[in-house]
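Trainee: I would be grateful for a close examination of the aromatic rings in this model. Please set out their geometry and surroundings in one connected account.

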Amino acid sequence: MILSNYEENLTNIGGLDTTISDEELNAFYQKNREQYQLETPIMRCYFLKIPRPTPQYDSISKWWNNGISGDNPRKMRFFSRQQSAKNYVLEDSLWTKVETIANLLPKGTLTTDNVEKGKELSMKDDNFQYYLKVLGVMNRQEIAPLSFIREQAFKYILHKRKIQLLERKKQEMYDAEIRKNNVKIYN
């Protein structure tokens, strides 16, 4: 524990560079992309889960039915943030595990076996109104896109830098003690 705290302080004081450029992330991804095969399907989608009754239900239905284009996504995001949508995904570049969205829908509505690009649904139960439009799907064993593993890659690069910094600091301390004749080597 003492060593761990010492190493943590050493990296904080030692100037661990935490800035990672998009180019560096992309280079890391290209070099290591085979390590990022999906274990479970992922998808890009628009999704809303709205409590019932909702005062603006007609507006939301209209926005949804007129297509996710133009000003509609902005209106739906504003509504979702301000009017307390239970859950929502309204970013078309965000990859999400299919299971994550499936768990927010009534059981059996969406599964890893029935998800496909272009799938749309609008349904309700006693408590919620649900909207889903699947924009893209990647299946098991496919290579995950960088946007999906970005945070994981970022953490890996930082960890690698930390290890390199600690090794360099250890070597510097060792070399300094050798120069001071504080280390004796026995054969």
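**Aromatic rings and their partners**

Mentor: The charged end of Arg 44 is placed over the ring of Trp 95, at 5.4 Å from the ring centre. This geometry, like everything that follows, comes from a predicted model. A second such arrangement involves Lys 49, whose charged end sits over the ring of Phe 128, 4.5 Å from its centre.

Turning to pairs of rings, the count comes to three aromatic pairs. One of them joins Phe 28 and Tyr 36 edge-to-face, with 6.5 Å centre to centre and 65° between the planes. Both Phe 28 and Tyr 36 are buried. Phe 28 also pairs with Tyr 156: the ring centres are 5.3 Å apart and the planes stand at 35°, so this pair is tilted. Phe 28 belongs to helix H2 (residues 22-32) and Tyr 156 to helix H6 (residues 146-179), so the pair ties together parts that are 128 residues apart in sequence. The two partners can also be described by their exposure. Phe 28 has a relative accessible area of 12% and is therefore buried, as the cut-off is under 20%. Tyr 156, at 42% relative accessibility, counts as partly exposed. Through ring pairs, Phe 28, Tyr 36 and Tyr 156 are linked into a cluster.

Lys 49 also leads to another residue, Gln 129, since Lys 49 is among the residues that Gln 129 touches, which include Tyr 57 and Ser 122. Gln 129 lies in strand S5 (residues 128-138) and is buried, with a relative accessible area of 3%. The side chain of Gln 129 makes a polar contact of 3.3 Å with the side chain of Ser 122.

How values were computed: Residues numbered from 1 in each chain as written. Predicted model: local features only at pLDDT ≥ 70, side-chain atom pairs only at ≥ 80, totals over all residues. Heavy atoms only, no water. Helix = DSSP H or I, 4+ residues; strand = E, 2+ residues; numbered from the N terminus. Buried < 20%, exposed > 50% of the residue type's maximum accessible area, 1.4 Å probe, protein only. Polar contact = N/O pair within 3.5 Å; in protein donor to acceptor, adjacent residues only side chain to side chain. Contact = heavy atoms within 4.5 Å. Phe/Tyr/Trp six-rings, centres within 6.5 Å; stacked < 30°, edge-to-face > 60°. Lys NZ or Arg CZ within 6 Å of the ring centre and 35° of its normal. Lists of a residue's contacts leave out its neighbours within four places in sequence.
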